[in-house]
Amino acid sequence: MTTGIKRRSFEADKFRKFLVIVDETPEVEAALYYAANRMQRSSGSLVLLYVIVPQEFQHWINVRQQQIEEETAKAKALFRLMRRKLNLAGYENVACEEVIREGAKGEEIRKLIDEDEDIAVLVLGASAEAAGPGPLVSSLAAGSAMGKFPIPITIVPGTLALEDVRSLD
């Protein structure tokens with residue numbers, strides 16, 4: 001279901017943002033390069049989102065707190081790695097905003113999109129594995145909610161190398 005929130009990414013004082021979900025899957029790199037390439041050409045910025053998915057069995061608050069601390073450290077390390085990859089690829093001038101959220105991945109993605117009216121496109125990398133494009137692509141881009149999603153979703157084949165991505169635009 002759409003939110004009714006008007007996207008403002010093309011207004012004079014706004015910047016168009018592409019949202020990239022950061023995790024440890026190999027296909028995130030193709031999505032990152034694709035989004036950075038587009039933003040470099042259109043003077044926009046990237047929003048890198050890492051979602052901490054709570055563990056199901058958290059009997060003690062200390063266990064939950066430890067998981068959050070460990071996942072936050074992992075998220076920050078992944079953000080540094082992604083920024084390093086962008087710099088080495090020549091995208092050092094592309095602005096990046098880093099966001100860490102806790103909850104169900106799909107719900108947190110949707111909440112962030114609803115909260116930030118400058119986010120214009122969600123960029124996802126599709127897995128090249130025989131099992132399918134991956135759970136995030138399957139749930140967001142192929143599920144019943146797709147027809148009601150508030151912004152376009154760009155799905156980038158996870159096998160695209162940096163040179164391939166540069167040749168697209």
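Student: How is the figure of about 9200 Å² for the accessible surface of the protein chain obtained?

Tutor: The accessible surface comes from the Shrake-Rupley method with a 1.4 Å probe, and 52% of it belongs to carbon and sulfur atoms. The model is predicted: local features need pLDDT of at least 70, side-chain atom pairs count only at pLDDT 80 or more, and totals for chains, interfaces and linings use all residues. Residues are numbered from 1 along each chain as its sequence is written, and side-chain values use heavy atoms, with hydrogens and water left out.

Student: What makes residues 28-42 a helix, and what is its span?

Tutor: A helix is a DSSP run of H or I with at least four residues; H1 has 15 residues, so it qualifies. H1 reaches 21 Å from its first C-alpha to its last, close to the 21 Å expected, where the expected span is 1.5 Å times one less than the number of residues. Just after H1, serine 43 takes a positive phi of about 60 degrees.

Student: Why are Val28 and Met39 in H1 called buried?

Tutor: Buried means under 20% relative accessible area (1.4 Å probe, protein chains only); Val28 and Met39 are among the residues of H1 that are buried, so each falls under that cut-off. Of the 169 residues of the protein chain, 44% count as buried.

Student: What makes 10 residues of the lining of the largest pocket nonpolar?

Tutor: Ala, Val, Leu, Ile, Met, Phe, Trp, Tyr, Cys and Pro count as nonpolar, so the 10 residues are of these kinds. H4 gives the most to this lining, with 4 residues.

Note on methods. Helices (H or I, at least four residues) and strands (E, at least two) are DSSP runs, numbered from the N terminus. Buried means under 20% relative accessible area, exposed over 50%, partly exposed in between (1.4 Å probe, protein chains only).
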